[in-house]
Amino acid sequence: MGSIGVLLVSHQVIPYLEQELNKRYNLFRLWDFPQKSQLLTQHGASIRAVVGDAFAGADSDLIEALPKLEIVSSFSVGVDKIDLGKCKEKGIRVTNTPDVLTDEVADLAIGLMLTLLRRICECDRYVRGGNWKHGDYKLTTKFSGKTVGIIGLGRIGAAIAKRAEGFNCPISYYSRTQKQESKYKYYPSVVELASNCDILVVACPLTEETHHIINREVINALGPKGFLINIGRGKHVDEPELVSALLEGRLGGAGLDVFENEPHVPEELFGLENVVLLPHVGSATVETRTAMADLVLGNLEAHFLGKPLLTPLV
Amino acid sequence: MADLNESIEESQENNNLPKVFLHGPPEFSFILQPNPSHNFHILNPSSLPPLHQFLSLNPHHASSIAAIVCTGGYTVNADVLQLLPALRLVCTPSAGTDHIDLSECRRRGIQVAGAGNLFSEDVADMAVALLIDVSRKISAADRFLRRQVQNVSWNFPLGSKLTGKKIGIVGMGRIGSEVAKRLEAFSCMISYNSRNKKPLVSYPYYSTVLELATDTNVLILCCDLNDQTRHIVNKEVMLALGKGGIIVNVGRGALIDEKELLKCLIEDEIGGAGLDVFENEPHVPKDFFSLDNVVLSPHAAVVTSESLMGIRQIVEQNLTAFFSNKAPITPVI
């Protein structure tokens, strides 16, 4: 229905979003075409909007190939898969889904901290494996009162801080500039932050500057009693460095919701009990994904009606 | 029989010190190690042999034991108290006291010292950990990822939102209060049931667990196990909580009708459960193992390095104070 061509580049959006896009627009699904070039040749000229997510967006090549492209609407808050510079240059609008997923991602970050320090997944495996009759599970690490260091004190970082305070965790942070109104302790570098906290959380956007912001130096500063939590993007972390640090005992443990090359996970991690591994579920609840979908649909609708966008980035 | 390794001198000194007995399994010996600075003497520092065997080997000690340090699961009931006429203090470094006949202790003028606030944070952390895990399927997702074929798109079911949920806490003591404080930071709405309404607590009070379950999405059990609370979470309560409802138990297994819980989970009458305790530990019904909507923990709520260090300190401090004629530091009654 409708003559507006919309290209959906990821099959991992929820069915509700796909169905609604199909109802309202002339929907093209990238994976329906064996070759991307085929899609672009046949339909490139009629596509006025691209809908992507955390896994797939709109890079420079795609943008160039869609001469009628007016808007890229992302089913995510992170837009590292979208060439923002190119969009700005060509006057293409970009929207994302901030705020509606803030609580969800913050809840998961605390969940990762708790399940990592208290070895909840390992304990669950222990019971299911019938091992409890042979003896209790070993000692784990207390979470309450541990110092939490947050990289990026934006919406998600602040929400994580608020929750951690409920556990009497002292909060410190690093961000590009110190936040004058914040009561938390600021460190001017990630290495200093890592040296002075027990649990380091990545909660900033992925940009050129923050690529591999967690490197060997930071990991060593965090140390064998320190824990890394990544709910940002896989590329925030130098993954091979992280893996070797875990295997060599130079890092206490890691809770990871994201990986450098999803859906690939370094196999060495599967044998470790001091990691919690999740398939990028930061915003993955029925309530939140529906709210995100409504934002995508709302932004597209506003754009094509000439109204102000709901959550524009560009 | 005095410890065979004691010298004559030591045994003469120790004869004057009040006697303490460790009432627990052999591993329990970690709780208190002999120290020359002690103002008491541990009769069985290896936590062996067990009490009845010790008394039959050393009948003269029955009337000298002034204090016992006992762990959960090692009962101190009227029968045991009958064997120890000189007992004046029961020191139990555990979060629960259901293994101790408190009224019988009271009747005999025996003081009981517990763990005070030591475990409250760790237990509350466990409760919140289980709740987030069940809601967001963390253990299930970790399991999924570790057996997933590499490089195939991840297709994992969605979880349910925790922020803003209505939480019903059963038992608003130290642990319940710590749970409430943590979940308030998630903008959850807290209400509670407890034996009596607590005048200093501002959360809405419900006089029955059934009413609490009807009005909330999550039940967290933090109360004592006693005659009134056995199977306090039964089929009626679970149906009232409803599909999508979550139960977290960090109290005692018998607070829940375990067979009924299993049925409700299998039949999707409730959304999920996070369980640190079971009716017949360490036995857990196998039917739980195939469910993705439960998280199972081997009664590990207090088993952290930090709590371990803390509990040894508390036992020592309580015994030292008591035998200096001071009140126990962390009295239960």
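Which residue of chain A does Arg143(B) form a salt bridge with, and how far apart are the closest N and O atoms? The partner is Asp124(A), and the closest N and O atoms sit 2.9 Å from each other. Keep in mind that this is a predicted model.

**Where the two chains meet**

That salt bridge has company: the count between chain B and chain A comes to seven salt bridges. Add to the picture 35 residue pairs in polar contact between chain B and chain A, with both residues at pLDDT 80 or more. On the chain B side, several elements each put in at least two residues, namely helix H5 (120–136), helix H6 (138–147), helix H7 (174–184), strand S11 (294–296) and helix H11 (305–323). Of these, H5(B) gives the most to the side of chain B that touches chain A, with 10 residues. Sort that side of chain B by class and you get 31 nonpolar, 13 polar and 14 charged residues.

How many residues does each chain bring to the contact? Chain B brings 58 residues and chain A brings 63 residues. Putting the two chains together buries about 5,300 Å², and carbon and sulfur atoms give 58% of that area. If you want names to look up, try Arg136(B), Arg146(B) and Trp154(B): this trio supplies 17% of the area that chain B buries against chain A, more than any other three residues.

**Two annotated stretches**

UniProt has a domain entry for each chain here, both from unreviewed entries. For chain A, the record lists "domain: D-isomer specific 2-hydroxyacid dehydrogenase NAD-binding". For chain B, the record gives "domain: D-isomer specific 2-hydroxyacid dehydrogenase catalytic". Here is how those stretches come out in the model:

| Stretch | Helix | Strand | Between end C-alpha atoms |
|---|---|---|---|
| Residues 110–282 of chain A | 29% helix | 14% strand | 11 Å |
| Residues 66–332 of chain B | 34% helix | 13% strand | 18 Å |

**A ring pair in chain B**

Aromatic pairs turn up too, with 13 of them over all chains. Take Phe21(B) and Phe54(B) as an example: is the pair stacked or tilted? The ring centres are 5.0 Å apart and the planes meet at 55 degrees, so Phe21(B) and Phe54(B) make a tilted pair. The two residues come from distant parts of the chain, 33 residues apart. Phe21(B) belongs to strand S1 (residues 19–23) of chain B, while Phe54(B) is in helix H2 (residues 51–57) of chain B.

Definitions and conventions
Residues are numbered from 1 along each chain as its sequence is written. Chains are lettered from A and ligands numbered from 1 in the order in which they are written. This is a predicted model: local features need pLDDT of at least 70, side-chain atom pairs count only at pLDDT 80 or more; totals for chains, interfaces and linings use all residues. Side-chain values use heavy atoms; hydrogens and water are left out. UniProt positions are given in the numbering used here, feature names are shortened, and annotations may be inferred rather than shown by experiment. Helices (H or I, at least four residues) and strands (E, at least two) are DSSP runs, numbered from the N terminus. Contact means heavy atoms within 4.5 Å. Buried area is the accessible area (1.4 Å probe) that two parts lose on being put together, summed over both. A salt bridge is a side-chain nitrogen of Lys or Arg within 4 Å of a carboxyl oxygen of Asp or Glu. A polar contact is a pair of N or O atoms within 3.5 Å; within protein, one must be able to donate a hydrogen and the other to accept it, and residues adjacent in sequence count only if both atoms are side-chain atoms. Ala, Val, Leu, Ile, Met, Phe, Trp, Tyr, Cys and Pro count as nonpolar, Asp, Glu, Lys and Arg as charged, and the others, Gly among them, as polar. Rings of Phe, Tyr and Trp (its six-membered ring) pair if their centres lie within 6.5 Å; planes under 30 degrees apart count as stacked, over 60 as edge-to-face and the rest as tilted.
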